[in-house]
Amino acid sequence: MSRVYNFSAGPAVLPEPVLKELADEMMDYNGTGMSVMEMSHRSPEFQKIIDDAEQDLRDLMNIPDNYKVLFLQGGASQQFAMIPMNLMKNKVADYIVTGQWAKKAYQEAQKYGKANKIASSEDKTFSYIPDCSDLPISEDADYVYICENNTIYGTKFKELPNTKGKLLVSDVSSCFLSEPVDVTKYGIIYGGVQKNIGPAGMVIVIIREDLITDDVLEGTPTMLTYKTHSESGSLYNTPNSYCIYVCGKVFKWLKSIGGLEAMQKMNEEKAKILYDYLDNSKMFHGTVVPKDRSLMNVPFVTDSDELNAKFVKEAKAAGFVNLKGHRTVGGMRASIYNAMPKEGVVALVEFMKKFEEENS
């Protein structure tokens, strides 16, 4: 069977050149006579894999020397607890709730201190990003938290909130490495890798060194302190070694195509093709306020549930898979991450045009 166009929100499409390399090295990595899957995480071969992966990520994002890069397990959801456990010195944090994952992080933080919801877009099903230029930031807040790109709802912060000098913590799971970022604007920037970077099962945390201390909430497990992982170079226990290896390959692929500036340009082109069609279609329409649209996740609907279901079914048969929207929104969603080729988006739009003609 030939490859389908996979529009899944995560685990998601990976670059084909990377998949081919992985296949070539599955039985014998670099003359070791074994797969990376079988390799000791204490071996010099694996140490080189993790060191190279970190350096390539630092190069791609221009990560300053006073930030640590941690490859951790537990996914982004474990960070919902780990962040307050490590950062809530005053037991106060401010949360901007723009979707399901920010909401979950906000609810989790309530277990460890006072979490304030200082802005939200829940009143309109998270279809926009609230104005964050002048928020009621708490004087004693330890940090301000955002989810920068909302996978389910297809919104993206185009401007970071004015935190009035407070530390910014950002979950970038679904826009990780999709465009250049200024790491110095964040205390912590983190993301699960299964959307835009690698296979499921890992989160990358980029954290400013001064935030890594012994001064954590009482009762914080050893495995949930940043210091544990920082001091051991992400090798305190057996890491998700195969995932680190795959992510390292993706970092090299990104460098080979020109880095994050080039990637952003490609992503803008792809998204424009789909949004332009949605803006002119009589049958399909986007669900997000145009100025807050994500380049990565594009939710859209028709005016009928029956038609939505028919579209998803026929699209799948035609080789466009995982287009069903999240259960909280319904309709459809095309996740067009870095590894989705432009021709995949072009082909989807052609299919949508055909469907519209046949069903109008």
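**Salt bridges, cores and voids in a predicted model**

User: Which residue forms a salt bridge with K227?

Analyst: This is a predicted model. In K227's salt bridge, the closest N and O atoms are 2.9 Å apart. That is inside the 4 Å cut-off for a salt bridge. The partner is D214.

User: Where does D214 of this pair lie?

Analyst: The pair links distant parts of the chain, 13 residues apart. K227 sits in helix 5, residues 226-231. D214 lies in the loop between strand 10 and helix 5.

User: Is D214 buried or exposed?

Analyst: Its partner K227 has 22% relative accessibility and counts as partly exposed. D214 has a relative accessible area of 60%. Exposed means over 50%, so D214 is exposed.

User: How many salt bridges are there by this rule?

Analyst: The rule asks for a side-chain nitrogen of Lys or Arg within 4 Å of a carboxyl oxygen of Asp or Glu. By that rule, the count of salt bridges is 26.

User: How many residues apart in sequence are the parts that E25 and K249 tie together?

Analyst: E25 forms a salt bridge with K249, with the closest N and O atoms 2.9 Å apart. E25 lies in helix 1 and K249 in helix 6, so the pair ties together parts of the chain. Their separation in sequence is 224 residues.

User: Is K249 buried or exposed?

Analyst: E25 has a relative accessible area of 19% and is buried. K249 has a relative accessible area of 13%. Buried means under 20%, so K249 is buried.

User: Which helix holds K255, the partner of D59?

Analyst: D59 forms a salt bridge with K255, and the closest N and O atoms are 2.7 Å apart. D59 lies in helix 2. The pair ties together parts that are 196 residues apart in sequence, because K255 lies in helix 6.

User: How does K255 count at 34% relative accessibility?

Analyst: D59, at 36% relative accessibility, counts as partly exposed. The class in between runs from the 20% limit for buried to the 50% limit for exposed. At 34%, K255 counts as partly exposed.

User: Which residues are linked with D56 in a network of salt bridges?

Analyst: The pair of D59 and K255 is a salt bridge. Both belong to a network that also includes D56. The residues linked with D56 are D59, K252 and K255.

User: Which helix gives the largest share of the lining of the largest pocket?

Analyst: The largest pocket holds about 360 Å³ of space. Of its 19 lining residues, Y29, I49, D52, K249 and K252 lie nearest its centre. Helix 1, helix 2 and helix 6 each supply at least two lining residues. The largest share, seven residues, comes from helix 2.

User: How many charged residues does the lining of the largest pocket have?

Analyst: Asp, Glu, Lys and Arg count as charged. The lining has nine nonpolar and two polar residues. Its charged residues number eight.

User: Which element gives the most to the largest nonpolar core?

Analyst: This core has 57 residues, and M61, I96, L177, I204, I206 and F251 touch the most other members. Elements giving two or more residues include helix 1 (16-25), helix 2 (44-61) and strand 10 (203-208). With 10 residues, the top contributor is helix 6.

User: How many residues does the other core, apart from this one, have?

Analyst: This other core lies apart from the largest. Among its members are L72, A93, Y95 and L211. Its residue count is 32.

User: What is the volume of the largest cavity?

Analyst: The structure holds two cavities of 30 Å³ or more. The largest is lined by residues including M61, L177 and L260. L177 is in contact with M61 and L260. The volume of the largest cavity is about 80 Å³.

User: How many charged residues are in the lining of the largest cavity?

Analyst: Among the lining residues are E148, K156 and E179. Eight lining residues are nonpolar and none is polar. The charged ones number three.

User: In which helix does W253 lie?

Analyst: W253 is one of the residues lining the second largest cavity, as are P15, N338 and A339. W253 is in contact with P15, N338 and A339. It is buried, with a relative accessible area of 16%. W253 lies in helix 6.

Technical notes. Residues are numbered from 1 along each chain as its sequence is written. This is a predicted model: local features need pLDDT of at least 70, side-chain atom pairs count only at pLDDT 80 or more; totals for chains, interfaces and linings use all residues. Side-chain values use heavy atoms; hydrogens and water are left out. On a 1 Å grid over the protein atoms alone, a cavity is a set of points where a 1.4 Å probe fits but cannot get out, and a pocket is an open set with protein on both sides within 12 Å along at least five of seven lines; lining residues have an atom within 4 Å of a point. Grid points are joined across faces, edges and corners, and a volume is the space filled by probe spheres set on the points. Helices (H or I, at least four residues) and strands (E, at least two) are DSSP runs, numbered from the N terminus. Buried means under 20% relative accessible area, exposed over 50%, partly exposed in between (1.4 Å probe, protein chains only). Contact means heavy atoms within 4.5 Å. A nonpolar core is a set of buried Ala, Val, Leu, Ile, Met, Phe, Trp, Tyr and Cys residues joined through side-chain atoms within 4.5 Å. Lists of a residue's contacts leave out its neighbours within four places in sequence.
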